[in-house]
Amino acid sequence: MRATGEFLARLERSRCCAAIVSDEQLDLALASRTPIVFVLRGNGLALGPCIRRIHDAGKLAAVHLDLVNGVRADPRGVEWLAQLGADAIISSHGRLMPVIRNEGAVAILRLLLSRRTHLDTAFTAVSRAGPDIIEVLPGVILPSLATIMPDFGVPLLAGGFVRTEADAEDVLAAGAAGITTSAPNLWGMYAA
Amino acid sequence: MRPDAWSRPVLPRVLIADCGGDPIRLPPALRAGILLRDIDVGAVVRRAASSEGVMAIDLDSVRGMASDEEAAEFVMDTLGIGVVFTRRSHVAEHVARRGGLGLLHALAFDSTGLTRALDGSAAVAGRGTVVSPGAVLPHMRPSELEQLARPIVAYGLLTRVADALDCLELVECVVLRQDVADALADTARNSTLPVRNLLTTVAAEE
């Protein structure tokens, strides 16, 4: 709970967070005002130095368990990333949410939406998984889903195709607590 | 049911999703066809036998049917369905080589994932692209749209008429649920000429 509180407090400082897939982007993110760095690529077995650099820059590290290489999306993989110092762990696997929480990290459930039927089933899936936060993809369409999106009872992050200030403003106005984006021009923007 | 010889199907501007429930009503104001999805294989056969007009199928979502080349041949040759959505590029190319329209289904949750989904898909006549969720298409860069083989179908989470019209300005076809298609037809009947043109413009074949 304390971890989630700290995560959300950081998010309030700036609601647009860096999502990175390369070392070059890591350098840019560390130099930016983003409060949290979302690591979407890399060797999960060797992320220790990357996470240390993020922490040394005074930021939090969120690691995507399903997308980094070398680590399996199972309880031992969660344990590994937590030991490396990941402050938050993201996965599409609902069953791992309690495991992530038990490891003391923020549990972020990635919700991939391509069909309306996914929204119909998402509420039950989210209730069962019990994440701390949900990341909705593609986040840029969140405004058009406002009337049919269930209230999940936890904060929403929006990621995917959010590239411009206009996109970001629309997504935040639609109720997102924060944005994850690979667009450096947005990193560190929108203090709550 | 198979046509004697395939002439490459031309996509309608609108495909109405048929999940095997109440029969689909094709609004006269739309140039519409039917997309079979989330449906049992037996229902696919029954629907194919009884429906008129352009019919498409989302091969990966049919319960009881594989999503391989044999299944594609069955829906084309036995059922006469010439428009096939598939997540497998080799199946899309197989459909295209046999004279149908093979549409590679790309999931576009973010730009990185879209690039990966399309990686290695060869340009073949008769092969196009399905983008899910379709609602993301207006947010893509022109350079990203140019990477997609045409015709392009916007598929998924088009819950408002405005979203459908935005997509129709960019791509050849949209997949809609019956209620949204009916609302779009109402808009077409009651609105200005540009909207009607948007709905009746013949899509590019290739």
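This report describes two chains, their barrels, a shared contact and a nonpolar core.

The model is predicted: local features need pLDDT of at least 70, side-chain atom pairs count only at pLDDT 80 or more, and totals for chains, interfaces and linings use all residues. Residues are numbered from 1 along each chain as its sequence is written, and chains are lettered from A, ligands numbered from 1, in the order in which they are written.

**Barrels**

In chain A, 8 strands close into a barrel with parallel pairing, in the order β1-β2-β3-β4-β5-β6-β7-β8. The twist there averages 25° from one strand to the next. Chain B also has 8 strands closing into a barrel, in the order β1-β2-β3-β4-β5-β6-β7-β8, and the pairing is parallel. Its twist averages 25° from one strand to the next. Strands (E, at least two residues) and helices (H or I, at least four) are DSSP runs, numbered from the N terminus. Two strands pair if DSSP finds at least two bridges between them. The table gives two such pairs.

| Strand pair | Bridges | Direction | One facing pair |
|---|---|---|---|
| β7(A) and β8(A) (178–181) | 3 bridges | parallel | Ala158(A) and Ile179(A) |
| β4(B) (83–86) and β5(B) (101–107) | 4 bridges | parallel | Thr86(B) and Leu104(B) |

Helix α3 (residues 89–97) of chain B packs on the sheet and touches β4, β5 and β6 (127–132) of chain B. The direction of α3 makes about 160° with that of β5(B). Such angles run from 0 to 180 degrees between N-to-C directions, with axes fitted to C-alpha atoms, for helices over the stretch in contact.

**Contact between chains**

The contact takes 17 residues from chain A and 16 residues from chain B. Residues are in contact if their C-beta atoms, placed from the backbone, lie within 7 Å. On the chain B side, 7 residues are nonpolar, 6 polar and 3 charged. Here Ala, Val, Leu, Ile, Met, Phe, Trp, Tyr, Cys and Pro count as nonpolar, Asp, Glu, Lys and Arg as charged, and the others, Gly among them, as polar.

**Core**

The largest nonpolar core has 132 residues. Those with the most contacts inside it are Val39(A), Ala62(A), Ile89(A), Ile16(B) and Leu176(B). A core joins buried Ala, Val, Leu, Ile, Met, Phe, Trp, Tyr and Cys residues through C-beta atoms within 7 Å. Ala62(A) touches residues including Phe38(A), Val39(A) and Ile108(A).

**Val154(A)**

Val154(A) lies in the loop between α7 (142–145) and β7 (156–159) of chain A. Val154(A) is partly exposed, because 16 other C-beta atoms lie within 10 Å; 20 or more would make a residue buried, 12 or fewer exposed. Among the residues that Val154(A) touches are Pro131(A) and Ile134(A).

Note on methods: Two residues are in contact if their C-beta atoms, placed from the backbone, lie within 7 Å. Lists of a residue's contacts leave out its neighbours within four places in sequence.
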